[in-house]
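Morning, everyone. I have one structure to go through today, and I will keep to what can be read from it. Please have the sequence and the view open.

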Amino acid sequence: MNQKRYSKKGKADGNSSRTVVDLSKLRKSSLKRYKHHFKLEMKANPSKAELVDAVASHFASMPVRESEVVAAFYNYARTRGAQSY
């Protein structure tokens, strides 16, 4: 099976300082749900390797506004953290 690790930039590498997601560790059912949710067009009954490649390509192409994500996470953690004490 294809054991590539995909950075958010979409390049397969092992030495990136960016966040790396190993999509091959997901179950085939999870990859299928991602494919269905984002309406990725593929042949019927793709293999897990084909799903990993398609999902990785789509995932890497999604824009991320890091400052917005960090701010949202901070606000979420702050409000949820206050509830847990």
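Of the 85 residues in the chain, 19% are buried. Keep in mind that this is a predicted model, so I will come to confidence before the details.

First, the layout. There are three helices and two strands in this chain. Starting at the N terminus, the order of elements is β-β-α-α-α. If you take the contacts with a separation of 6 or more, 36% of them join residues that are 24 or more positions apart.

Now confidence. The chain has a mean pLDDT of 81, with 72% of the residues at 70 or more. Which elements sit at the two ends of that scale? Strand β1, residues 6–7, has the lowest mean pLDDT of the elements, at 53. Helix α1, residues 28–37, has the highest, at 96. There is also a stretch, residues 10–17, where pLDDT stays under 50. The model does have eight contacts beyond four places in sequence for residues 10–17. Where pLDDT is low, predicted coordinates should not be read in detail. I will leave that stretch there.

On to the helices. Helix α2 covers residues 48–61, and its axis comes within 10 Å of the axis of α1. The two axes cross at roughly 45°. Why call that oblique? Angles under 35 degrees would count as roughly parallel, and 65 to 115 as roughly perpendicular, so the angle here leaves α1 oblique to α2. As for handedness, α1 passes α2 in a left-handed crossing.

Which residues make the contact between these helices? On the α1 side they are Lys28, Leu31, Lys32, Tyr34 and Lys35. On the α2 side they are Lys48, Leu51, Val52, Val55, His58 and Phe59. Sorted by class, the contact between α1 and α2 has six nonpolar residues, one polar and four charged.

One residue of α1 to look at separately is serine 29. Is serine 29 buried, partly exposed or exposed? Its relative accessibility is 35%, so serine 29 counts as partly exposed. The C-alpha atoms of serine 29 and leucine 51 are 10.0 Å apart, and the two residues are 22 residues apart along the chain.

Last, the loop between α1 and α2. Lysine 39 lies in that loop, and its phi is near 55°, which is a positive value in a residue other than glycine. Asparagine 45 is also placed in the loop between α1 and α2. Asparagine 45 is not a glycine, yet it has a positive phi of about 55°.

How accessible is each of them? Lysine 39 has a relative accessible area of 68%, so it counts as exposed. For asparagine 45 the relative accessible area is 69%, and therefore asparagine 45 is exposed as well.

That is what I have; questions now, please.

Note on methods
Residues numbered from 1 in each chain as written. Predicted model: local features only at pLDDT ≥ 70, side-chain atom pairs only at ≥ 80, totals over all residues. Heavy atoms only, no water. pLDDT = per-residue confidence, 0-100. Helix = DSSP H or I, 4+ residues; strand = E, 2+ residues; numbered from the N terminus. Contact = heavy atoms within 4.5 Å. Axes fitted to C-alpha atoms, helices over the stretch in contact; angles between N-to-C directions. Parallel < 35°, antiparallel > 145°, perpendicular 65-115°, else oblique. Left-handed = near helix turned anticlockwise from the far one by under 90°. Nonpolar A, V, L, I, M, F, W, Y, C, P; charged D, E, K, R; others polar. Buried < 20%, exposed > 50% of the residue type's maximum accessible area, 1.4 Å probe, protein only.
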